[in-house]
Amino acid sequence: MERTGDSRIPLKQIEGVLQPISEAHGMPNDAYTSDVYFAFERDNVFGPSWTCIGFAGDLPQNAYVKPVDFMGLPLLIIRNREGEIQVFHNVCSHRGMKLVKEAGELKGMICCPYHSWAYDLNGKLVGTPHIGGMNQHRDERFRCEKHGLKPLRSTVWMGLVFVNLSGDAEPFEDFILPLAQRWKAFVGENGLDLMRQSDAGENLEIEVACNWKLAVENYCEAYHLPGPSFS
Ligand code: FES
């Protein structure tokens, strides 16, 4: 059977989606339940492009960190001491321990709970306790500058934090241009500032126990618009 780039996804299962409307059919059930599809979509749909993973307002002050699970990948949003937001893999460069479990202000360094390697808020490795033996915290054969946190390409647009997992997506400005142009029609003379996230914490959060596609499809279809009463 013909398959996609990920050898575990049979292409025939999904090609019907792209047929003319009179012949097309929906996604197969597996696409909504299978971990294989989920990983495929992360790496082949979202990974090569720009994806929003959170709000800058969720890091309300400088020196603040927020872990994010992005489709099974542990990421870490950091607002450093100067206020700049960056995104890294939330993974220690030593043995791969998850570094940060909860969002919050950070007084000192990001410290690994396993062997206490320490990183500053720009992802730089600054502490390697006992790496050269007992009480030898440096080893000239080991270059700290080569073992910092692994950064992702990221940017903040209108208070939204975007990442590009693959690192080779088009420039963000090009990616967002069609949406930015469309939204221009809805804003006033102050430009996009009128559509930024509220500072007052007026967020709406809805948790849905379903695959992401089901939530998006459900949102996009028009059946939920107010309709005529038939009673
Ligand atoms: S795994 Fe982080 S210091 Fe060893």
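**Exercise 1. Find the backbone oxygens that lie close to polar side-chain atoms of Arg79, and describe the surroundings of Arg79.**

Solution. Step 1: start with Leu59, whose backbone oxygen lies 2.7 Å from a polar atom of the Arg79 side chain. The model is a predicted one, and these distances are computed from it.

Step 2: turn to Ala56. The backbone oxygen of Ala56 is 3.1 Å from a polar atom of the side chain of Arg79. A polar contact requires N or O atoms within 3.5 Å, and the distances of 2.7 Å and 3.1 Å meet that cut-off.

Step 3: place Arg79 in the fold. Arg79 belongs to strand S3. Its relative accessibility is 16%, so Arg79 counts as buried; the cut-off for buried is under 20%.

Step 4: list the contacts. With neighbours within four places in sequence left aside, Arg79 touches Ala56, Leu59, Gln61, Asn62, Ala63, Tyr64, Glu84, Ile85 and Leu121.

**Exercise 2. Check the length of helix H3 against the expected span, then describe its start and its buried residues.**

Solution. Step 1: helix H3 covers residues 35-46, which is 12 residues. The expected span takes 1.5 Å times one less than the number of residues, and this gives 16 Å for H3. The C-alpha atoms at the ends of H3 are 15 Å apart, which agrees with the expected span.

Step 2: look at the N-terminal end. Ser34 caps H3 there, with a side-chain oxygen 3.0 Å from the backbone nitrogen of Val36.

Step 3: identify the buried residues of H3, which are Tyr37, Phe40, Glu41, Arg42 and Phe46. An α-helix has 3.6 residues a turn, so residues three or four places apart point the same way.

Step 4: find what the buried residues of H3 pack against. The partners are the helices H1 (12-15), H2 (30-33) and H5 (212-220), together with the strands S1 (51-55), S2 (64-70) and S3 (73-79).

Step 5: compare with Asn44, which also lies in helix H3. Asn44 has a relative accessible area of 41% and is therefore partly exposed. The C-alpha atoms of Asn44 and Ser166 are separated by 9.3 Å, although the two residues are 122 residues apart along the chain.

**Exercise 3. Classify the ring pair of Phe46 and Phe70.**

Solution. Step 1: recall how such a pair is described. The description of a pair of aromatic rings uses the distance of the centres and the angle of the planes.

Step 2: apply this here. The whole structure holds eight aromatic pairs. For Phe46 and Phe70, the ring centres are 6.4 Å apart and the planes stand at 80 degrees, so this pair is edge-to-face; the cut-off for edge-to-face is over 60 degrees.

Step 3: locate the partners. Phe46 is in helix H3 and Phe70 in strand S2, 24 residues apart, and the pair links distant parts of the chain.

Step 4: check burial. Phe46 has 19% relative accessibility and so counts as buried. Phe70 is buried as well, at a relative accessible area of 8%.

**Exercise 4. Give the strand order of the seven-stranded sheet and explain what marks its edge strands.**

Solution. Step 1: the sheet is open, its pairing is antiparallel, and its order is S1-S10-S9-S4-S3-S2-S5. S1 and strand S5 (104-105) stand at the edges; each has a single partner strand, so one side of each is left without a neighbour in the sheet.

Step 2: examine the edge at S1. S1 pairs with strand S10 (residues 160-164) in the antiparallel sense over four bridges. Cys52 has Phe162 in S10 as its bridge partner.

Step 3: examine the edge at S5. S2 and S5 are joined by two bridges in the antiparallel sense, and Tyr64 stands opposite Glu105 in S5.

Step 4: move to the pairing of S2 with S3. These strands run antiparallel and share seven bridges, and Val65 has Ile78 in S3 as its bridge partner. Two residues lie between the strands of this hairpin, where Met71 takes a positive phi near 50 degrees. Five of the seven residues of S2 are buried, so the strand is mostly covered.

Step 5: add the helix on the sheet. Helix H4 (residues 172-184) lies across strand S9 (151-157) and S10, and runs at about 20 degrees to S9.

Key: Residues are numbered from 1 along each chain as its sequence is written. This is a predicted model: local features need pLDDT of at least 70, side-chain atom pairs count only at pLDDT 80 or more; totals for chains, interfaces and linings use all residues. Side-chain values use heavy atoms; hydrogens and water are left out. Buried means under 20% relative accessible area, exposed over 50%, partly exposed in between (1.4 Å probe, protein chains only). Contact means heavy atoms within 4.5 Å. A polar contact is a pair of N or O atoms within 3.5 Å; within protein, one must be able to donate a hydrogen and the other to accept it, and residues adjacent in sequence count only if both atoms are side-chain atoms. Two strands pair if DSSP finds at least two bridges between them. Axes are lines fitted to C-alpha atoms, for helices over the stretch in contact, and angles run from 0 to 180 degrees between N-to-C directions. Rings of Phe, Tyr and Trp (its six-membered ring) pair if their centres lie within 6.5 Å; planes under 30 degrees apart count as stacked, over 60 as edge-to-face and the rest as tilted.
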